[in-house]
Every structure is written in C-alpha cells, then in structure tokens.
Amino acid sequence: GEKMAEIINEDIKNNPQLSHKVTVIEKILSKNNAMAEEIREEFNKHKITCFNMMSSPGSGKTTTLENLVDKLPYKFGVIEGDLETSRDAERIRNKGIWSFQLQTGRACHLDAGMVKHAIPHFPFDEVEVAFIENVGNLVCPASYDVGAHYNMVFVSVPEGDDKIEKYPVMFRKADIVIITKADMVEYFDFDIDRATRNARKLKPGVPVVLLNNKTGEGLDEIIEWIKEKREEHLNLLQR
Ligand code: MG
Ligand code: ZN
C-alpha cells in the first residue's frame, strides 16, 4: 500500500486530474490493510506464522509446497488463490495437507477480503505455519496486504533475470527471493549474480536461493529460512 501510494503521489504531481481516482484507490487500500491486520491478529492469536507466496504463473509455487510436505518440520495449511479451478488445492490435499481454494474469477490478485473467506475454515489449532499461494502475477499482488507475516517471491529461470528490474514493487516487498527451475540455467540467459545484485538493490540483504524442484537442491536453504522466520515471529509475539 505504502509503495503504491508513493508511486501514485508521483503521478499526481504530474497530473492533478488523477487526484480523485487516487482518493478512491487509497480508500480501497486502507480498507484492505485494516482487514489484513485482522487476519494477521487471528494468526498471531494461534501462534501461526503466515507466508505469502508470489510470482508469475507457472514458476513453481505449488510444486515447492508439494516438496516441502515431507521436509518442513512444521504442520502447515495452504490457502490457494487462482483465477479458476481447484487444481492446486487438490494437489496439496493429495499430499495430505489442509488446503482451501479461493477462486478469484477475474481478479488477478488476492486481497484480504478474499483471504477472509478461508479464515473460518482454517485449521488454527492443528497447524503452526500457513502459506497463502497468491494468484500468479508479479504486479498487483505486491500492493495488497493479505495478512501474512513474510513474503516469498519466486522467479523462474525461463522468465529471465530482467524480471527483477521490471517488477521493482514486487521485489522490494520480498523477504526471500527464490529462483526456481535452476536446472534450466544452462539453456537460458539467466545471470544468477546479476539477479542477486538487482534483487538486493531493491531489498538490501535479501536472501536469494537457487531452487531445483526436480532434485530438491535449494530446498534445505528455504526450510532453514522458514525456521528462522518462524523463530523471529514467535519471539516478536512474546514481547
Ligand atoms: Mg500454483
Ligand atoms: Zn490484480
């Protein structure tokens, strides 16, 4: 919300007619933020750490979740966002994990209002960690707080390392950047060093992990990061 407001404020300076439209957008975002805060409180009350997973379509978010099932030392639940179908939620459920599908229809991102629909069903007393798999899109999901504690941003090798510079708002929000389909790096002009540099220009010090979902290479690093964030979150809750 903040970043979006910043960008919009820049626009207003150059175009005063925009100001009415902006008031409307700001109202929508502040309503969303309030609702997101309620969701986060609900997670906090149950000592659940929630991760918002964002990326383009097909970068491997669901596959990563499937691969986490056997290795993550926490019980978790997944809230899935997709335009249509319940395929991803079914994939997760087939692994024995609780999941809830939100079909957004034409909305190309999740917002807190949508996530709220999953909350009454969420198994708060059975899990320690929640994942929200956002709709595949590197643009607007970055502007909508969905009540998570941490953001995971995925970018796949075939998409190209230039995606990081092209979608700065998204990568500024990243608490971890996960480069998926690492096995394809020799077939594509994806420069890992450049990607890492650009990611850290937008978010200083952000961890960048190279993930190969076929071999599981990189998965342990992600699990370590999740454990770290889980500890951090629990410590914050104790204050
Ligand atoms: Mg998916
Ligand atoms: Zn959208």
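Let's start with the sheet. It is open, has seven strands, and pairs in parallel. The strand order is E3-E2-E4-E1-E5-E6-E7. This is a predicted model, so please keep that in mind throughout. At the edges sit strand E3, residues 98-103, and strand E7, residues 208-210. Each of those two pairs on one side only. On average, neighbouring strands are turned by 20° against each other, direction ignored.

Now one pairing in detail. Strand E1 covers residues 49-54, and strand E4 covers residues 129-133. The two run parallel, and five bridges join them. Take threonine 49 as an example: its bridge partner in E4 is valine 129.

Stay with E4, and we reach the first metal. Which residues coordinate the magnesium ion, ligand 1? They are Thr62 through OG1, Asp88 through OD and Glu133 through OE, at 2.1 Å. The spacing of these donor residues in sequence is T-x25-D-x44-E. Aspartate 88 belongs to helix H4, residues 87-93, while glutamate 133 belongs to strand E4. So this pair ties together parts that lie 45 residues apart in sequence. Are the two acids buried or exposed? Aspartate 88 and glutamate 133 are both buried.

The other magnesium donor, Thr62, takes us to helix H3. Its span is residues 61-68. H3 is mostly covered, with six of its eight residues buried. Those six are Lys61, Thr62, Thr64, Leu65, Glu66 and Leu68. So a magnesium donor, Thr62, is on the buried list of H3. What covers them? The cover includes strands E1, E2 (76-82), E4 and E5 (150-156), along with helices H4 and H9.

Let's look at H9 in that list. Helix H9 runs over residues 219-238. It packs against H3 at an angle of about 80°, and the axes are 11 Å apart. That angle makes H3 roughly perpendicular to H9. On the H3 side, the contact uses Thr64, Asn67 and Leu68. On the H9 side, they meet Leu219, Ile223 and Ile226. By class, that contact has four nonpolar residues, two polar ones and no charged ones.

Next, the second metal. This is a zinc ion, ligand 2, and its protein donors are Cys108 (SG), His109 (ND1) and Cys140 (SG). They lie 2.0 to 2.2 Å from the zinc. In sequence, the donor spacing is C-H-x30-C.

Two of these donors sit side by side in sequence, but their exposure needs a separate look. Cysteine 108 has 33% relative accessibility and counts as partly exposed. Histidine 109, at 13%, counts as buried. Where is that histidine? Histidine 109 lies in the loop between E3 and helix H5 (112-118). And what does it touch? Leaving out residues up to four places away in sequence, histidine 109 touches Thr104, Met114, Asn134, Val135, Cys140, Pro141 and Tyr144. Note Cys140 there: it is also a zinc donor.

One last residue, away from the metals in this talk. Asparagine 198 has its place in helix H8, residues 192-202. Is asparagine 198 buried or exposed? Its relative accessible area is 7%, so asparagine 198 is buried. With residues up to four places away set aside, asparagine 198 touches Ile164 and Glu165.

To close, back to the two sites. Magnesium takes Thr62, Asp88 and Glu133. Zinc takes Cys108, His109 and Cys140. Happy to go back to any of these on the model.

Key. Residues numbered from 1 in each chain as written. Chains lettered and ligands numbered in written order. Predicted model: local features only at pLDDT ≥ 70, side-chain atom pairs only at ≥ 80, totals over all residues. Heavy atoms only, no water. Axes fitted to C-alpha atoms, helices over the stretch in contact; angles between N-to-C directions. Helix = DSSP H or I, 4+ residues; strand = E, 2+ residues; numbered from the N terminus. Parallel < 35°, antiparallel > 145°, perpendicular 65-115°, else oblique. Contact = heavy atoms within 4.5 Å. Nonpolar A, V, L, I, M, F, W, Y, C, P; charged D, E, K, R; others polar. Pairing = 2+ DSSP bridges. Donors = N, O, S within 2.8 Å, 3.2 Å for Na, K, Ca; no water. Buried < 20%, exposed > 50% of the residue type's maximum accessible area, 1.4 Å probe, protein only.
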